[in-house]
2 protein chains.
Amino acid sequence: MPGNGPSFVLVRPQMGENVGAAARAMLNFGLDRMRLVAPRDGWPNPRAVAMASGAAGRVLDRAGIFRTVPDAIADCTFVFATTARSRELIKPVMTPEHAMARARELIEGGQRVAVLFGPERAGLENDDVARAHAVISVPVNPAFASLNLAQAVLLCGYEWCRQGTAQPAEMMGLGRSEFAPAIEIEKLGDHYERCLDDAGFFFPATKADSMKLNLRNLWTRAALTRADVQMFHGILRKLVRSREK
Amino acid sequence: MPGNGPSFVLVRPQMGENVGAAARAMLNFGLDRMRLVAPRDGWPNPRAVAMASGAAGRVLDRAGIFRTVPDAIADCTFVFATTARSRELIKPVMTPEHAMARARELIEGGQRVAVLFGPERAGLENDDVARAHAVISVPVNPAFASLNLAQAVLLCGYEWCRQGTAQPAEMMGLGRSEFAPAIEIEKLGDHYERCLDDAGFFFPATKADSMKLNLRNLWTRAALTRADVQMFHGILRKLVRSREK
């Protein structure tokens, strides 16, 4: 899954734990290109490694370390800056959704894309944002905006991944089961109808047809597996037998 | 912003910190209806309160506490269960995106919707999932799936919010500035063209027209503010004056 995604650039991150958490958040969505600008506590950072664990640790191992933002984005042709606050700077502001769609287009066109994330407490400085072509702003509750570094990384990674995969609106999780073919549903309906007829269930006679129709409809609507069908046959046999005793 | 969103039900959460972080994640996206099923360390939980802070603390104050999942969802007409692993249970599986779009439709239709989130370590049990109408599964990197509780809550909250707000693809962040009207851009172009003509810049003469056209185009493309225009006039005056000395 990892491949030629954008580089996520953590600018002056403070806590090693947060760098590790950001690496995990990235890798969840197949992103493995991290760059670090002047991490406060130096590099490598054992707390970052402890938090990352496993495959995410390799994201840290391969992370590029840079002194300044211009150094870190030197080879990039399009740079996004994530920021919560509105800025004096004149710059296109995009949602993560549209920014990551744009990033996909740019990367498919051979561009190199970076996304800047600011330090935990204060976020990016205007000097950093001025070096970006566009701003990414997550549309949060204006009365309560409290995304942390790893969460901002997570949402951008999620959108990167979502933009690249055609997701079916809904898919039936079946496990090892398989749906019953129509013939089995039909026979199940026959079985119930016959036994219920014998038991005098369809009463009064004037309502019998609509009762039968509703029952047929129910079997189809239930999306039964082959095992379900067998179970319903078994239930019926059991009930009929105990009634006959 | 908070209103009639879905209830997010944390099932047997272990760490109070994670309950607090989930409340923050929810409120970021305007969701304030939390329910708790049998929190491991009892309730109220000071660690949850310490993590939540401010407005998110009020989400905890108002959270409903229940002994079992059936109790917690008793009044709900549609229940989603979030789960990472594939299940033997036969159930529609949806992305957060499509699930939250469905949730909006359901709620607009007067339904009461709940989303179940499992305990940190093990996730929801089959007994819990069996009580849901559909499963939400975040499409993560199959080689590295490590979403924690608050992150799962965050992504569902983000999608709830995203589905409900028409986001412009791009919007220009202007701060207190305003774009220059065309007349000012035109005069700026005139000023430069005149001075550069005087300076013999447009050479050779056969290329002068296309050079001028390119320069006109550049001023428009740059999306200058009124302050930018004044600055460029100032630059030109300064350069001309120093050349004339």
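How exposed is Asp41(B), in relative accessible area? Asp41(B) is partly exposed, at 44%. The close-ups below all come from a predicted model.

**View 1. A salt bridge at Asp41(B) and one at Arg226(B), both within chain B.** Asp41(B) pairs with Arg40(B) through their side chains, with 3.0 Å from N to O. Arg226(B) forms a salt bridge with Glu184(B), and their closest N and O atoms are 2.5 Å apart. This second pair links distant parts of the chain. Arg226(B) sits in helix 10 (residues 226–244) of chain B, Glu184(B) in helix 8 (residues 182–198) of chain B, and 42 residues separate them. Arg226(B) is partly exposed, at 36% relative accessibility. Glu184(B) has 15% relative accessibility, so it counts as buried.

**View 2. A salt bridge between Glu97(B) and Arg162(A).** The closest N and O atoms of Glu97(B) and Arg162(A) are 2.8 Å apart. Glu97(B) belongs to helix 5 (residues 96–108) of chain B and Arg162(A) to helix 7 of chain A, so the pair joins two chains. Both Glu97(B) and Arg162(A) are buried. Over all chains, the whole structure holds 32 salt bridges.

**View 3. Helix 5 of chain A and its packing partners.** Helix 5 (residues 96–108) has 13 residues. From first C-alpha to last, helix 5 reaches 18 Å, close to the 18 Å expected. Its buried residues are Pro96(A), Glu97(A), Ala99(A), Met100(A), Ala103(A), Leu106(A) and Ile107(A). Within chain A, these buried residues pack against strand 4 (78–82), strand 5 (91–94), strand 6 (113–117), strand 7 (134–136) and helix 7 (149–164). They also pack against helix 7 (149–164) of chain B. Just after helix 5, Gly110(A) takes a positive phi of about 90°.

**View 4. Phe80(A) in the largest nonpolar core.** That core has 85 residues. Met34(A), Phe80(A), Met34(B) and Phe80(B) touch the most other members. Leaving aside residues up to four places away in sequence, the contacts of Phe80(A) include Ala99(A), Arg102(A) and Ala103(A). Val113(A), Ala114(A), Val115(A) and Leu116(A) are also among them. So are Met94(A), Ala132(A), Ala134(A) and Ile136(A). In soluble globular proteins, nonpolar side chains tend to be buried together.

**View 5. Thr83(A) in a loop of chain A.** Thr83(A) lies between strand 4 and strand 5. With a relative accessible area of 8%, Thr83(A) is buried. Thr83(A) touches Val135(A), Ile136(A) and Ser137(A), not counting residues up to four places away in sequence.

**View 6. Helix 8 of chain A.** Helix 8 (residues 182–198) has 17 residues. The helix reaches 24 Å from first C-alpha to last, close to the 24 Å expected at 1.5 Å a residue. Its buried residues include the charged pair Glu184(A) and Glu193(A). Ile185(A), Leu188(A), Gly189(A), His191(A), Tyr192(A), Cys195(A) and Leu196(A) are buried too. Gly200(A), just after helix 8, takes a positive phi of about 75°.

**View 7. A nonpolar surface patch on chain A.** Met231(A), Ile235(A) and Leu239(A) make this patch of about 280 Å². Met231(A) lies in helix 10 (residues 226–244). At 46% relative accessibility, Met231(A) counts as partly exposed.

Conventions: Residues are numbered from 1 along each chain as its sequence is written. Chains are lettered from A and ligands numbered from 1 in the order in which they are written. This is a predicted model: local features need pLDDT of at least 70, side-chain atom pairs count only at pLDDT 80 or more; totals for chains, interfaces and linings use all residues. Side-chain values use heavy atoms; hydrogens and water are left out. Patches are made of residues with over 30% relative accessible area and no salt bridge: like charges are joined within 9 Å, nonpolar side chains (Val, Leu, Ile, Met, Phe, Trp, Tyr) within 5 Å. Accessible areas come from the Shrake-Rupley method with a 1.4 Å probe; for residues, only the protein chains shown count as cover. A salt bridge is a side-chain nitrogen of Lys or Arg within 4 Å of a carboxyl oxygen of Asp or Glu. Helices (H or I, at least four residues) and strands (E, at least two) are DSSP runs, numbered from the N terminus. Buried means under 20% relative accessible area, exposed over 50%, partly exposed in between (1.4 Å probe, protein chains only). The expected span of a helix is 1.5 Å times one less than its number of residues. Contact means heavy atoms within 4.5 Å. A nonpolar core is a set of buried Ala, Val, Leu, Ile, Met, Phe, Trp, Tyr and Cys residues joined through side-chain atoms within 4.5 Å.
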